[in-house]
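New to this one? Take a look at the chain below, and then we'll walk through a few of its corners together.

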Amino acid sequence: MTEPPSAIPAQTSDGAQPPASPLKRLSVWSWIGFDFAAQPFFTVVLTFVFGPYFVAHLASDPAEGQSTWALAASLTGLCIAIASPVVGQWADRRGPVKPMLLLLGLVQVLACLALWRAAPGSALWPVAVAVVLAGVAAELSVVLNDTLLPSLVPRASLGLVSNIAWGTGYVGGILALLVTLGGLAGDPESGLTLLGLTPWFGLDPAQFEGARAAGPLAALWYVAFVWPMFLFVPDRPRRAAVAATKDGSAVRAFWRTLLNDLRDHPRLARFIAARMLYQDGINALLVLGGAFAAATFGWTVTESGVFGLLLAVAASFGCLGAAFLDKRFGPRPVLLTGLSMLTLATVAIVSTGPDSTLFGALAFAPEAGASGLFAAPAEKAFLLYGLLIGIAFGPVQASSRSALAMAVPAEDAARWFGLYALAGRATGFLAPLLVAVLTALASLATGPTTATRIGMAVIALFFVVGLALLPRQIVKGRAAP
C-alpha cells in the first residue's frame, strides 16, 4: 500500500465517487436495514430476555448462571477472534461476501430455533453451545456487512450512515422486545403479558416459554427483514480466486499482512488496540448486564424486558444524536464522551444492591406495600444508570465503525474490518472470563448477589484503559479539539 489508507476516499466498485445524497438511495437504506434485522438477536436473546432467563431461572442459582453464561460469551469471543480476520482476508481476496453472509445467516437461524428446547431443568451447556453458534454467526455476519459500507457512501457521510444504521438496529430491538413483552412472555404469577393479554400461541408462563420463544422470534425476524440487503446492496466485485494450500502458507501470509499493516499504520494500530479493550467491555456489559440485574433484584422476564426496552430507546436516541455530532466534529469526541459515560455508569451499577447504591453511601429504607415494576428505590437508581449506558454504548460502537471506514480504502475494507472485528474479539473472551472467575471465587466467600457484583466490577477497567489508549488523531485531518 503506497498511500496511507486514511488519504483515500471511499469509492464505488467502478472507481466513481458515490452520489452526494446517500440517504435518498435504496441501497443505503437496504444496508441500514441489515442492522434492523440483526439487532433483535442481541437484544432479546443475548441481553434482555433469554440471557436473564438463563442466569436467573434455568441455572440452579444466579452465581452458577452468571459464570456459565459468561464462559459461553468468552468462548464466542475466542471463536470470533480466530475467525474474523481470516474471513476478512478471504473476502478481500475473493470479493463478494453475500454467499458467506447467507451461510452464516442459516447457522444463526437454526441455532436460535434450537433455544426453544431450553426448558427449566435442561442442562446448561447444550443450551450455551447453541448460543455460541448463533453468536459467532451473527458477529461474523456483522463483519462482512460492514465491509460493504466504504464503497456504498462518500467518506463525509460514513459517520452519519453508520450511526443511523445503529439507531435503526435499536428500533428493531425495541419492536422485538415489544412483541416479546406484549404478546409472548407472561408473568409466572398472573399468567398475563405486560399488555394484560394471555400469551399468544398458548405459551405457558410457568415453563418460561415466552423467554424461550426469544430465539425463534430472533430467527424469524432476521429472515423477514434481511432480504433487502441481499437484493439491493451492491456486493463487492469478484477478484482472483484464492488458491487452496495444504502447507499453511496462506495462513502465514495472512498474519504477515496483518502485522505489516499494523506496523505501517501506527495511528490505526493504536486505535485498534484501544477499541480491542473498550469493545470487550461493551460486549461483556451487554451480554451480562441484563442477567446481572435479574440476579440482583430477582426480576422476572417482564421486568428484564422492560429494562431492555428502555435501554434500547435510549440507545436509539443516542445514536441519532451522535450521527450529527460525528458528521460535525468527527468520531473522536463521540468516543471520548461515550466511554466516559460507560465507565461511570458501570461503576454505578455494581455499586447498587437490593437496598442501597453508591457502595452503601445511599441506603434505602424498605417501602411498605411497594409493588409493580421497579418499585424499590434501588431498582430506580439502577434504571437511571442503565439509561446512561443505553445512551452511550450505541454511539461508541457506531462511531468506531465510521472512524475505521473513513481511514481505510474501499478495496482493502474487508481485511481492515476483519482486523477491526479481531480487535473487538481478540480479548473478547477475557472480560467475560474474568467476570466468570471472579464471580465463582467470590461466591465461595459471599452470597450470590454480592458475588455477581464483584464479578461485574472488572468491566469498568476495560473502559478506562481503552479510553487512555485512544489516539489523539483517529482519522487524518480530525485531531482532538
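What follows is a short tour, from the whole chain down to single residues.

## The big picture

Before anything else, keep in mind that this is a predicted model. The chain has 18 helices and two strands. It runs to 481 residues, and 59% of them count as buried.

How about links across the sequence? Take the contacts between residues at least 6 apart in sequence: 83% of them join residues at least 24 apart.

## Rings meeting rings

A pair of aromatic rings is described by the distance of the centres and the angle of the planes. Searching the whole structure turns up 13 aromatic pairs. One of them joins Phe48 and Phe307, with ring centres 6.0 Å apart. Their planes stand at 80 degrees, which is over the 60 degrees needed, so this pair is edge-to-face. Phe48 sits in the loop between helix H1 (26-47) and helix H2 (50-58), while Phe307 belongs to helix H12 (residues 301-329). That makes it a link between distant parts of the chain, with 259 residues separating the two. Both Phe48 and Phe307 are buried.

Next come Phe292 and Phe382, whose centres are also listed at 6.0 Å from each other, with 35 degrees between the planes. This pair is tilted. Phe292 comes from helix H11 (residues 266-297) and Phe382 from helix H14 (residues 377-407), so distant parts of the chain, 90 residues apart, are linked here too. Phe292 is at 0% relative accessibility and counts as buried; Phe382 is buried as well, at 1%. Put Phe297 together with Phe48, Phe292, Phe307 and Phe382, and you have one aromatic cluster.

## A charge over a ring

Rings can have other partners. Which residue has its charged end over the ring of Trp116? Arg212 does, and its charged end sits 4.8 Å from the centre of that ring.

## A pocket among helices

Rolling a probe the size of a water molecule over the atoms shows where empty space is left. Here, let's pick the second largest pocket, which has a volume of about 170 Å³. Its lining is made up of 13 residues. Nearest the centre of the pocket you'll find Ala322, Leu325, Val334, Thr337 and Pro395.

Which elements give two or more residues to this lining? They are H12, helix H13 (331-350) and H14. As for the character of the lining, nine residues are nonpolar, four are polar and none is charged.

## Gln108 and Ser141

Now for two single residues. Gln108 has its place in helix H4 (residues 98-114), and Ser141 is found in helix H5 (residues 124-146). Along the chain they are 33 residues apart, and their C-alpha atoms are separated by 9.4 Å.

Is Gln108 buried or exposed? With a relative accessible area of 3%, it falls under the 20% limit, so Gln108 is buried. Ser141, at 0% relative accessibility, counts as buried too.

Leave aside residues up to four places away in sequence, and Gln108 touches Phe41, Ala134, Ala137, Ala138 and Tyr222. On the same basis, Ser141 touches Phe34, Leu101, Leu104, Gly105 and Tyr222. Tyr222 therefore appears in both sets of neighbours, touching Gln108 as well as Ser141.

Conventions:
Residues numbered from 1 in each chain as written. Predicted model: local features only at pLDDT ≥ 70, side-chain atom pairs only at ≥ 80, totals over all residues. Heavy atoms only, no water. Phe/Tyr/Trp six-rings, centres within 6.5 Å; stacked < 30°, edge-to-face > 60°. Helix = DSSP H or I, 4+ residues; strand = E, 2+ residues; numbered from the N terminus. Buried < 20%, exposed > 50% of the residue type's maximum accessible area, 1.4 Å probe, protein only. Lys NZ or Arg CZ within 6 Å of the ring centre and 35° of its normal. 1 Å grid on protein atoms, 1.4 Å probe; cavity = no way out; pocket = protein on both sides within 12 Å on 5 of 7 lines; lining within 4 Å. Points joined across faces, edges and corners; volume = space filled by probe spheres on them. Nonpolar A, V, L, I, M, F, W, Y, C, P; charged D, E, K, R; others polar. Contact = heavy atoms within 4.5 Å.
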